[in-house]
Amino acid sequence: EGLVTATVNSGSIPTAAQVIATITVDPDMVASSGDEYEVSTVSSTLSVSTGLPDQGSFSVVADILNPGGGNLDGIESQITIRASDAFNNPVPDGTTIVFTTEYGQIEPQCSIENGACTVTWTSAGGSVLVSPATGTLRTITAGNLTGCPGVFPGTGPCLNEATFPDEQIYSGRNTILATTLGEESFVDANGSGLYDWIDLDSDGLYEPLDGETLEIFEDLDEAFVDENEDGVFGNDLTPGACTSAADPDGPECVNWITGGGEDTHVETFPETAIGNGVFDRGNGIYNGRLCHPDLESLGTPLCSFEPVLVRDSVVLVMSGNTPVLSLRDNSPRALHDGVVDLTGIATSETVILYASDFQNGRLPAGTVIDVAVTNCDIAGTTTFEVPNSNDEGFTVISLTLSNDGDTSEGQVNIEVTTPESVG
């Protein structure tokens with residue numbers, strides 16, 4: 001019927017390609033004279049670009065990092081994932097991303113479209129840390145200052161930054177994990193587009209005895225929700241949780257931090273033998289479709305075509321909407337009877353305003369703090385806005401007060417307005 005079909009198989013490097021079709025024409029078949037001749041045509045351009053998500057090209061962000069929700073349900077933040085392959089091309093549309101949240105609720109999955117997709121996280125319940133030593137809620141309400149030793153021994157935000165997150169009180173921090181099947185990242189030192197080796201003699205053979213080395217890659221452990229933000233799986237209330245029971249003091253466990261929840265691992269293949277119900281370390285070899293076939297086919301494979309769970313996480317601060325305020329001098333000691341004596345002061349005095357939520361963290365993003373004074377002068381800005389941030393800590397504002405010549409008593413008035421969206 002005059003139709004010919006050709007199959008084009010992709011290689012390992014992203015590129016543009018065309019198919020050239022050529023036919024040899026026999027003059028006798030077309031009632032012509034002369035020798036045989038060729039007729040060719042070229043296809044439209046084919047694009048070889050997308051592959052599996054690559055760990056180094058997989059990221060999750062939140063539009064509001066401190067949205068509120070510490071004492072109010074229904075507060076939202078949009079969580080967006082972007083995924084590309086090893087060549088930083090967007091992964092195919094329809095790739096499914098799965099989400100897990102430590103607190104609140106989150107839509108379980110989304111499908112990639114044009115390299116990204118978004119789900120909604122919504123506050124629900126609460127997120128107050130419990131002190132492992134006492135079992136008490138770690139907030140900064142009166143009479144319950146667990147983890148606030150000495151610096152601010154009364155009401156007001158607790159300043160003890162040096163020991164975060166071990167002893168400092170920062171409740172309301174929520175870790176969100178995004179995962180999907182993909183590939184480990186590697187450094188393509190020779191530009192081959194495959195995970196392979198540095199071929200010193202260019203003979204196409206891997207010869208480690210001749211000094212040839214494999215390319216560097218990132219060996220991924222199983223993914224986990226790092227609830228206590230210490231960077232390792234488990235905590236010191238569960239010996240052996242992050243490694244084998246025979247090595248509970250292994251190097252990956254030495255930085256365990258108390259005060260967080262029990263980290264939750266995510267099985268890579270729950271339906272297979274790998275789904276063993278415990279946290280597994282990396283397998284020591286590169287995993288991904290860019291594994292060089294010669295390395296995969298060795299008696300002891302040096303890479304594998306099997307995918308792994310690529311992952312990224314973001315921390316939201318479930319801020320409370322009730323401010324906790326404290327005015328202190330530079331010591332930082334509490335002001336004596338709440339008084340700043342400017343009598344006879346030729347220059348100025350500095351007062352520090354500390355503002356947190358009830359969990360010793362940041363107030364919700366967009367919270368406005370207005371400072372007004374009577375019978376004294378204040379230098380600089382008097383309106384401050386809490387930024388969009390998940391950094392640990394709270395708002396610290398330096399106020400410079402000076403004598404305005406009026407010897408009567410004045411006041412420093414502080415008004416805090418949280419966004420309507422957080423109640």
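This passage walks through the strands, sheets and nonpolar core of a predicted model.

Local features are reported at pLDDT of at least 70 and side-chain atom pairs at pLDDT 80 or more, while totals for chains, interfaces and linings use all residues. Residues are numbered from 1 along each chain as its sequence is written, and side-chain values use heavy atoms, with hydrogens and water left out.

The protein holds 23 strands and 1 helix (DSSP runs numbered from the N terminus: E of at least two residues for strands, H or I of at least four for helices). Of its 423 residues, 40% are buried (under 20% relative accessible area, with a 1.4 Å probe and protein chains only). Contacts are heavy atoms within 4.5 Å; among those with a separation of 6 or more, 66% link residues 24 or more positions apart. The exposed surface comes to about 21,500 Å², with 51% supplied by carbon and sulfur atoms (Shrake-Rupley method, 1.4 Å probe).

The largest nonpolar core is a good place to look next. A core here is a set of buried Ala, Val, Leu, Ile, Met, Phe, Trp, Tyr and Cys residues joined through side-chain atoms within 4.5 Å. This one has 22 residues, of which Ile79, Ile81, Ile97, Phe99 and Ile176 touch the most other members. Among the elements that give two or more residues to the core are strands S7 (96-101), S11 (173-182) and S16 (308-317). Isoleucine 97 touches, among others, Phe58, Ile81, Cys117 and Ala178, leaving aside residues up to four places away in sequence.

S16 is mostly covered, with 8 of its 10 residues buried. S11 and S16 run antiparallel and are joined by 10 bridges; in this pairing (at least two DSSP bridges between two strands), threonine 179 stands opposite arginine 311.

Four strands form an open sheet in the order S5-S6-S10-S8, paired antiparallel. S5 and S8 (105-106) are its edge strands, each pairing on one side only. Between S5 and S6 there are 5 bridges, and valine 60 of S5 faces the core residue isoleucine 81 in S6.

A further open sheet has 3 strands in the order S21-S19-S23, again with antiparallel pairing. Strands S21 (383-385) and S23 (412-417) each have a single partner strand, so one side of each is left without a neighbour in the sheet. The twist averages 15° from one strand to the next (axes are lines fitted to C-alpha atoms, with angles from 0 to 180 degrees between N-to-C directions). Strand S19 (residues 368-373) is joined to S21 by 3 bridges, and isoleucine 369 stands opposite phenylalanine 384 in S21.

How values were computed: Buried < 20%, exposed > 50% of the residue type's maximum accessible area, 1.4 Å probe, protein only.
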